[in-house]
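Please read the sequence alongside the model, and keep the two together while following the account. Where do the buried residues of one helix lie, and what surrounds an enclosed space?

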Amino acid sequence: MTQSDSANRQYVLAERPVGEPNENTLRLETNEMPVAGAGQMLLRNEFLSLDPYMRGRMSDAPSYAAPVEIGGVMVGGTVSQVVTSDVPGYEAGDWVVAFGGWQDYFVSDGTMVINMGKEPQNPSWALGVLGMPGLTAWAGLTQIGQPKEGETLVVAGASGPVGATVGQIGKLLGLRVVGIAGGADKCAHVKDVLGFDDCIDYKADGFPKALKASVPSGIDIYFENVGGAVFDAVMPLLNPSARIPVCGLISQYNATALPDGPDRMSMLMGTILRKRMTMRGFIVFDDFGHLYPEFAKQVGGWVASGKIKYLEEMIDGMEQAPAAFAGLLRGESFGKRVIKLSA
């Protein structure tokens, strides 16, 4: 079923998943197209961003944001077009970045909406390198990582939209950059296309030994996107005064129990103390949203000049979104995964 000008397809949360989301987690419904009232605008979603944080919104466990209610439309960032508007600064035909969710249409009063004008170049990139993932990469590295020229940066999830941007910014700032990714193809892309100094395949035998060999001077900044066995390999290699921006822990999002092996907490706390390390989690818009104009100017310039390269994985059709999201959590994506809703 394709996008309609009279109906609104919506994916709603049918049940809270235990472990990996499956075919019962989300339910596709078709409802009437909403109508915008006074002080509102009707937006048609063109592109839907798929991001790991969505798994947390499916759960009702305590978190930094409220969960999606059962029967509620699944949340998500979108690039949309204005259909009708009674909101100053927006008119029909404008492209905008919003949080329209997993649906074709929604009504907005302009809150948390950014106008990109009538003819933005590569509008879907506002969901990736020029949007939330890009801001996450830039702010986490510059504000928490505090990079100094000549230091060693290790980036987990290096072929993903955040990790790929972190590493390229690191190179531009004069760092030695080592990526960690899953599979030979991803590692080849990270080195040959993105320009990292090295990339280690965490799925290959001997991963911890290979990582150690690649960072002979230790690790000064570790950008954490993964957790689990990857962090187990990283922890012994961290230098005194190392900085660890904690962006995500994708290896744990579907977990239903603690990982196998000994309790690592005492080891981690001891390492933080002895090496005087800084380990900080962050929620990008809450903590660094005020820096968006600075990010947009600097990173936008790098992208426009070709100094930062970007890989987008476009998937056609709303009906593909649930399986594409489950695959994202399994590490199957290659680049920024986006759903084209108008397909």
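The paragraphs below take up one helix and then one cavity.

The model shown here is predicted, and a useful place to begin is helix 9, which covers residues 292-305. At 1.5 Å a residue, its 14 residues should span 20 Å, and because the C-alpha atoms at its two ends are 19 Å apart, the expectation and the model agree. Beyond the helix comes G306, a residue whose phi is positive, near 85°.

Four residues of helix 9, namely F295, V299, W302 and V303, are buried. These residues cover an arc of only 100° around the axis, and therefore they sit on the same side of helix 9. An α-helix has 3.6 residues a turn, so residues three or four places apart point the same way. The partners of this buried side are helix 2 (132-145) and helix 3 (161-172), against which the buried residues of helix 9 pack. On the face turned away from the buried side, by contrast, helix 9 carries the exposed residues P293, K297 and A304.

Turning to enclosed space, the count comes to one cavity of 30 Å³ or more, and the largest cavity holds about 80 Å³ of space. It is lined by 13 residues, of which G160, P161, A164, Y310 and L311 are the closest to its centre. Helix 3, against which buried residues of helix 9 pack, also contributes the largest share of the lining of this largest cavity, with four residues. Sorted by class, the lining consists of five nonpolar, six polar and two charged residues.

Methods
Residues are numbered from 1 along each chain as its sequence is written. This is a predicted model: local features need pLDDT of at least 70, side-chain atom pairs count only at pLDDT 80 or more; totals for chains, interfaces and linings use all residues. Side-chain values use heavy atoms; hydrogens and water are left out. The expected span of a helix is 1.5 Å times one less than its number of residues. Buried means under 20% relative accessible area, exposed over 50%, partly exposed in between (1.4 Å probe, protein chains only). The arc is that of the directions from the helix axis to the C-beta atoms. Contact means heavy atoms within 4.5 Å. On a 1 Å grid over the protein atoms alone, a cavity is a set of points where a 1.4 Å probe fits but cannot get out, and a pocket is an open set with protein on both sides within 12 Å along at least five of seven lines; lining residues have an atom within 4 Å of a point. Grid points are joined across faces, edges and corners, and a volume is the space filled by probe spheres set on the points. Ala, Val, Leu, Ile, Met, Phe, Trp, Tyr, Cys and Pro count as nonpolar, Asp, Glu, Lys and Arg as charged, and the others, Gly among them, as polar.
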